[in-house]
Amino acid sequence: MKKIIIIFVLVILLITGCSTKGKPNVIVGEKPIVYVSFYPLYFLAEEIGRDNIDLKMVIPNGVDSHDYEPSMKQLKAIEEADVFIYNGAGFENWAEKLVGTIVEEDKTLKASDYVELIEINGTFDPHIWLNPENMNRIGEKIRDIFISLDEDNKNEYEKNFNELSNRLKILDKEFKDGLKDKKKDTILVSHSAFAYMADRYDFQQVSVAGINPEQEPSPRTIANIIEMTEEENFEYIFLETLANPKTVDIIAEETNLKTLLLNPLEGLTEEEQNNGEDYISIMEKNLINLKKALVE
């Protein structure tokens, strides 16, 4: 039903001529209106744009990003964007429908176009933001598009990006240094979100669910994982902040595994927001728990 509503809105906008075609980039004296699909892109845009942009996020914090569908009100609001930034690689199915209709293609930035994608079972893994190097590359493109929209603040965008880039490089080095003396090379996770992290820092993930956390594993898959944990002498299984822990709890109980948190950073919980957490601080917590499973 939500998909039908989205298509209906797109048709109405086209019929009434409510497209962004011919709209100037930014009116002098006004901030660029920037829409991002979800939290990791919000983090980058906020760090680079700061007070010079009017930043809005489509997928609210605290909800599962994979199956989110924007409301009619949100779709109408995105029409006013000077730039719409989204992940791509199948992560936000609704976003592809906006490009060329509500938002012109030259006013969009598709983050997955600027990184090397990893394929899992014939499907591209969209979780590109869990590699800090990818975040750095995407941030560079966001900097460039902000400058193209608002050249008066070019120096600030460049300064902000350089500061952010340094933080991401330090984070990347912390992961490399922290995981270089691994005693194990495989982690057990609730869903297959960590391929880019694993590829960057040379470990493997075994997942209970697929790329989408709502994909329920078969009884055979669960039985195979339980058997593998006993053979490989796993100590931990990783939970996530926004995913249903039911299946993981079953496996942990059957195998006496301890649970740890590995945050896929698709959105912040209310507690994380209240504590002033951000991408960097949560990734550092991820590293602490990875070291427990792989190094200690």
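**Exercise 1. Asparagine 289**

Asparagine 289 belongs to helix H11; determine whether asparagine 289 is buried or exposed, and list its contacts beyond the sequence neighbourhood.

Solution. The structure is a predicted model, in which local features require pLDDT of at least 70, side-chain atom pairs count only at pLDDT 80 or more, and totals for chains, interfaces and linings use all residues. Residues are numbered from 1 along each chain as its sequence is written, and side-chain values rest on heavy atoms, with hydrogens and water left out.

Step 1. Helices (H or I, at least four residues) and strands (E, at least two) are DSSP runs numbered from the N terminus; by this assignment the protein has 11 helices and 10 strands.

Step 2. Relative accessible area (1.4 Å probe, protein chains only) separates buried residues, under 20%, from exposed ones, over 50%, with partly exposed in between. Asparagine 289 has a value of 13% and is therefore buried. Across the 296 residues of the protein, 51% are buried.

Step 3. With contact meaning heavy atoms within 4.5 Å, asparagine 289 touches Phe238, Leu260 and Leu261, residues up to four places away in sequence not being counted. For the protein, among contacts between residues at least 6 apart in sequence, 66% join residues at least 24 apart.

**Exercise 2. The nonpolar cores**

Identify which residues of the largest nonpolar core touch the most other members, and which helix gives the most to this core.

Solution. Step 1. A nonpolar core is a set of buried Ala, Val, Leu, Ile, Met, Phe, Trp, Tyr and Cys residues joined through side-chain atoms within 4.5 Å. The largest has 72 residues, and Phe84, Phe146, Tyr279 and Leu290 touch the most other members.

Step 2. The greatest contribution to this core comes from helix H11 (residues 279-294), with 8 residues. A further core, lying apart from it, has 12 residues, including Leu188, Phe234, Ile237 and Leu239.

Step 3. Beyond four places in sequence, phenylalanine 84 is in contact with residues including Tyr35, Val58, Ile78, Trp94, Leu98 and Leu109.

**Exercise 3. An aromatic pair**

Classify the geometry of the pair formed by phenylalanine 146 and tyrosine 157, and state which helices hold the two residues.

Solution. Step 1. Rings of Phe, Tyr and Trp (its six-membered ring) pair if their centres lie within 6.5 Å; planes under 30 degrees apart are stacked, over 60 edge-to-face, and the rest tilted. The whole structure has 9 aromatic pairs.

Step 2. For phenylalanine 146 and tyrosine 157 the centres are 5.6 Å apart and the planes make 55 degrees, a tilted pair.

Step 3. Phenylalanine 146 lies in helix H5 (residues 132-149) and tyrosine 157 in helix H6 (residues 154-179), so the pair ties together parts 11 residues apart in sequence. Phenylalanine 146 is buried at 1% relative accessible area, and tyrosine 157 is buried at 0%.

**Exercise 4. Helix H2 and the residue after it**

Establish how many residues of helix H2 (residues 39-49) are buried, and describe the backbone of arginine 50.

Solution. Step 1. In H2, 9 of the 11 residues are buried, so the helix is largely enclosed by the rest of the structure. Among the buried residues are Tyr39, Phe43, Glu47 and Ile48.

Step 2. The cover over these buried residues includes strand E1 (33-36), strand E2 (54-57), strand E3 (83-86), H5, H6 and H11.

Step 3. Most residues other than glycine have a negative phi. Arginine 50 is not a glycine, yet its phi is positive, about 50 degrees. Arginine 50 lies in the loop between H2 and E2 and is partly exposed, at 38% relative accessibility.

Step 4. Alanine 89 also has a positive phi, near 60 degrees, and lies in the loop between E3 and helix H4 (93-98).

**Exercise 5. Leucine 294**

Decide whether leucine 294 is buried or exposed, and give its C-alpha distance to glutamate 235.

Solution. Step 1. Leucine 294 is found in helix H11 and counts as buried, with 1% relative accessibility.

Step 2. Leucine 294 and glutamate 235 are 59 residues apart in sequence, while their C-alpha atoms are 9.8 Å apart.

Step 3. Neighbours within four places in sequence aside, the contacts of leucine 294 include Leu179, Lys182, Asp185, Ile187 and Phe203.
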